Amino acid sequence: MQLPANIQSYWDAFQATQDDDVSARFSEVFFFADSQPVADSLAQLVLTGTKRATAALLWMHEAEGSQPPVPGSLSLMTDFAGTPLAIIEVTASRVVAFEDVPAGFAAREGEGDGSLQYWREVHWAYFSRECASIGRDPSPRMPIVCEEFVVVHPPEAADRE
């Protein structure tokens, strides 16, 4: 996969800190959400340790022909403009119906007040926009990929054992 120079440089700096070649675990380059203010705000929550989970619409992965990251996958998070900010490692991933997402997962996402009610309101709106873009109707039973992760790079933002 050909990466933009700034992304490749960031990945190479991370790879240089590893004992083994981790390139086979590389999953994606991404930013959160679908707008600059939200994407950049969520990235900052990751960098400060508040956000340690994220949710994705499984139908979107299917529409894009991609697989959701699995435990051990490494993803490079950017801000909305594409500036590399961190590399995260997925530690857990499971698919659940929207209405079955647990309160503990919503709290790990670290958004808003951390409540399940806030999570449902914000994510219903977001997933509804994604559904519209792929010709699907949102549903309380729509499949959501619930991922938990740790930051592994940069060192100052990495999770400590």
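The lining of the largest pocket in this predicted model splits by class into 16 nonpolar, nine polar and nine charged residues. Here Ala, Val, Leu, Ile, Met, Phe, Trp, Tyr, Cys and Pro count as nonpolar, Asp, Glu, Lys and Arg as charged, and the others, Gly among them, as polar. A pocket is an open set of points on a 1 Å grid over the protein atoms alone, where a 1.4 Å probe fits, with protein on both sides within 12 Å along at least five of seven lines; lining residues have an atom within 4 Å of a point. Of the 34 lining residues, Phe31, Phe32, Ala33, Ala55 and Tyr126 sit nearest the pocket's centre. As for secondary structure (DSSP runs, H or I of at least four residues for helices, E of at least two for strands, numbered from the N terminus), α5 gives the largest share of the lining, six residues.

Turning to the interior, the largest nonpolar core has 17 residues, with Leu57, Val101, Phe105, Trp119, Phe127, Met142 and Ile144 touching the most other members. Such a core joins buried Ala, Val, Leu, Ile, Met, Phe, Trp, Tyr and Cys residues through side-chain atoms within 4.5 Å, buried being under 20% relative accessible area with a 1.4 Å probe, protein chains only. Again α5 is the top supplier, with four residues of this core.

Residues are numbered from 1 along each chain as its sequence is written. In this predicted model, local features need pLDDT of at least 70 and side-chain atom pairs count only at pLDDT 80 or more, while totals for chains, interfaces and linings use all residues, and side-chain values use heavy atoms, with hydrogens and water left out.

Conventions. Buried means under 20% relative accessible area, exposed over 50%, partly exposed in between (1.4 Å probe, protein chains only).
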